[in-house]
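I opened a fresh page for this one and wanted the overall picture before any detail. Here is what I looked up, in order.

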Amino acid sequence: MEWKDDKKNAPRRGGKGNIWYLAGPILIKWAIAAGVSTIGMFVFYLLYVSEHYEEAASYMMDVQKMNLFASGLLKEFVKYTTLLEGIAALITIPIMLLFMRQDRWREQEQGIRRTGKGSGGVCCLGVLMALAASIALNGLILVGNLSQYSESYKTTMEAMYASPFVIQILSLGILIPICEELVFRGLLYKRLRGQYGFLYAAGLSAAVFGVMHINLVQMLYGFCLGGLLAYLYEKQGSVLAPVLAHSAMNLFSVVGTRYNWFEFLLRDYRYIGGVTVGCAAVAATLFVLLQRVENDG
């Protein structure tokens, strides 16, 4: 727990009525991502057209050929989506850290006492629980074949894994999890938690986290895991646990996609069912252990 008395010690400066206090970090993150993507597309367009100038010039008077050229250009640009998201995250991280430092100064000014951070055991159990829950949720997505109901989900997945493997590791596995946890747990959840109860803060921050993923499948996935990551923040009293858990989940997805682990599961639905049920049981068991570790502490 970050505050000893949620209601009494809530940081009121920039409080309930100040939408910027809550939404500002999210809007800044979105603006940086949009700006980096726009600049990246502009630079890519100039370089690509300069290398294919004669081809592009020959299509100027033919609308159909020009549309095909533009479509090919977009397909090539998609390969850089993950790289640009990583660059945007790298730019965003220090800004979010600055906001978190300002929040700490505000707490000190208001005399808010902070409790100690959870143990390393709490952090490790939480990371393992989140990873098991993530695998179980992915299993449900595969079993239910939910991807068929969202074309944008398929497009997003293809774009994410079109980049070189090293870029996927750095961006999806490290930079993006750090950035998103600073924004949605280190700032949004923590600020909501200073004014309201755990369930409200966890639910709202998870809902916003899910909505930011745009497509329906990722919205549901993001909402479930967003609530779990908020729970880890609550138990650990630090953003470290959700960062490590988020990174572990993303790295598992990246490596699993790279080495076709999920294709193996798709060979037989009994494999998917067994893994899903098994991981759900592991997550539930770790949750109980996590509660006991905290209670014993």
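My notes go from the whole chain down to one pair of helices.

**Entry 1, the fold.** I noted at the start that this is a predicted model. I then asked how many helices and strands the protein has. I found 12 helices and 0 strands, so my sketch of the order along the sequence reads simply α-α-α-α-α-α-α-α-α-α-α-α.

**Entry 2, the whole chain.** I looked up burial next: 42% of the 297 residues count as buried. For the surface I wrote down about 16,000 Å² exposed, with 66% of that supplied by carbon and sulfur atoms. Among contacts with a separation of 6 or more, I found that 78% join residues 24 or more positions apart.

**Entry 3, helix α9.** I picked out α9, which covers residues 216-236 and has 21 residues. From first C-alpha to last it reaches 30 Å, close to the 30 Å expected at 1.5 Å a residue. Just after α9 I came to G237, which has a positive phi near 70 degrees.

**Entry 4, α8 against α9.** How do these two helices pack, and at what angle? I got about 140 degrees for α8 (residues 198-211) and α9, with the axes 7 Å apart. The crossing is right-handed. On the α8 side I listed contact residues including F198, A202, G203, A206 and G210. On the α9 side, G222, F223, G226, G227 and A230 are among them. I sorted the residues of this contact into 10 nonpolar, 7 polar and 1 charged.

Definitions and conventions: Residues are numbered from 1 along each chain as its sequence is written. This is a predicted model: local features need pLDDT of at least 70, side-chain atom pairs count only at pLDDT 80 or more; totals for chains, interfaces and linings use all residues. Side-chain values use heavy atoms; hydrogens and water are left out. Buried means under 20% relative accessible area, exposed over 50%, partly exposed in between (1.4 Å probe, protein chains only). Contact means heavy atoms within 4.5 Å. Accessible areas come from the Shrake-Rupley method with a 1.4 Å probe; for residues, only the protein chains shown count as cover. The expected span of a helix is 1.5 Å times one less than its number of residues. Axes are lines fitted to C-alpha atoms, for helices over the stretch in contact, and angles run from 0 to 180 degrees between N-to-C directions. A crossing is left-handed if the near helix is turned anticlockwise from the far one by less than a right angle, and right-handed if clockwise. Ala, Val, Leu, Ile, Met, Phe, Trp, Tyr, Cys and Pro count as nonpolar, Asp, Glu, Lys and Arg as charged, and the others, Gly among them, as polar.
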